[in-house]
Amino acid sequence: MKEKIEPVELPVATADGKFIACYSENGLAKLEFPNPKRRSRGDESQTQNSVGDSSHRLLQDKIRGWHRLTEVALKKFLTGSASQKLPPLDWTGKTEFQKSVWRALLKIAPGKTKSYGEIARAIGRPKAVRAVGGACGANPIPVLVPCHRVLAANNKLGGFSGGLERKRSLLKREGIKI
DNA sequence: GACAGATGAAGGA
DNA sequence: TCCTTCATCTGTC
């Protein structure tokens, strides 16, 4: 049986605070917004996650590479510009519907927005607008998977897992006015 | 199986 | 123009 690799959490320091990126053996699995209440966990030392044999070392190298991509991409997103390269995203265990919604989100260009209805039509389920909202809320990798670029009808903000203020701020940096 | 949800559209005041 | 109501679809418990 294949050994299970524990997820690796790494901090990403940005002007907005310290995001927490969580990597699995398949790629970036989760990105958490800065949370002042969350206790610091020793920063970069988290990379030394019980590195034992050479395959683990290879994985650590791989994750370090992904982390660099994540840092660059996140900082670019936070300044409102597009990132050409993203680390592989690990959506293991998520439903096909959610993955298709998130794939549609990745296609939204910086500075552009789409409505929940447009996303629903883009994935071929024009009536699943509420479910699209649910999938956006379940997005484990906000900012990089730009669920903040999805607005409700009439150019209203809708909601955002990281808080509406953060959504408004991200959109403002991309030059989008609500 | 029931319920909730980050919606959208239509109708009425 | 704003507010309310209802239809619709999916995920979660």
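**How the protein meets its two DNA strands**

User: What makes the pairing of Lys127 with DNA strand C a polar contact?

Analyst: In this predicted model, a polar backbone atom of Lys127 sits 3.5 Å from a sugar or linking oxygen of DNA strand C. The cut-off is a pair of N or O atoms within 3.5 Å, so this pair counts.

User: Which side chains contact a phosphate oxygen of DNA strand C, and how do you know that they count?

Analyst: Thr95 has a polar side-chain atom 2.8 Å from a phosphate oxygen of that strand, and for Arg125 a side-chain N or O atom is 2.3 Å from one. Both values are within 3.5 Å, so both are polar contacts.

User: Which part of DNA strand C faces the protein?

Analyst: The residues around DNA strand C are Thr95, Phe97, Gln98, Arg125, Lys127, Ala128, Arg130 and Ala131. Of the strand's atoms that come within 4 Å of the protein, 86% belong to sugar and phosphate. Helix H2 (96–106) and helix H4 (129–137) each supply at least two residues of that surface.

User: And how much of the DNA strand B side is sugar and phosphate?

Analyst: Fifteen residues surround DNA strand B, and Tyr116, Arg130, Cys136, Ala153 and Gly159 come nearest. Sugar and phosphate make up 35% of the strand's atoms within 4 Å of the protein.

User: How do you know that bases of DNA strand B are contacted?

Analyst: Arg130 puts a polar side-chain atom 2.7 Å from a base oxygen, while a polar backbone atom of Ser161 is 3.3 Å from a base nitrogen. Each distance is within 3.5 Å, so each pair is a polar contact. Ala153 goes for the phosphate: a polar backbone atom there is 2.4 Å from a phosphate oxygen.

User: Which element gives the most to the surface near DNA strand B?

Analyst: That's H4, with six residues. Helix H3 (116–122) also gives two or more.

User: What classes of residue make up the two surfaces?

Analyst: Near DNA strand C there are three nonpolar, two polar and three charged residues. Near DNA strand B, the split is eight nonpolar, six polar and one charged.

User: Why is Ser115 called buried?

Analyst: Its relative accessibility is 18%, and buried means under 20%, so Ser115 qualifies. Ser115 belongs to strand S4 (residues 114–115).

User: What does Ser115 touch?

Analyst: Leaving aside residues up to four places away in sequence, Ser115 touches Val150, Leu151 and Ala152.

Note on methods. Residues numbered from 1 in each chain as written. Chains lettered and ligands numbered in written order. Predicted model: local features only at pLDDT ≥ 70, side-chain atom pairs only at ≥ 80, totals over all residues. Heavy atoms only, no water. Near = heavy atom within 4 Å. Polar contact = N/O pair within 3.5 Å; in protein donor to acceptor, adjacent residues only side chain to side chain. Helix = DSSP H or I, 4+ residues; strand = E, 2+ residues; numbered from the N terminus. Nonpolar A, V, L, I, M, F, W, Y, C, P; charged D, E, K, R; others polar. Buried < 20%, exposed > 50% of the residue type's maximum accessible area, 1.4 Å probe, protein only. Contact = heavy atoms within 4.5 Å.
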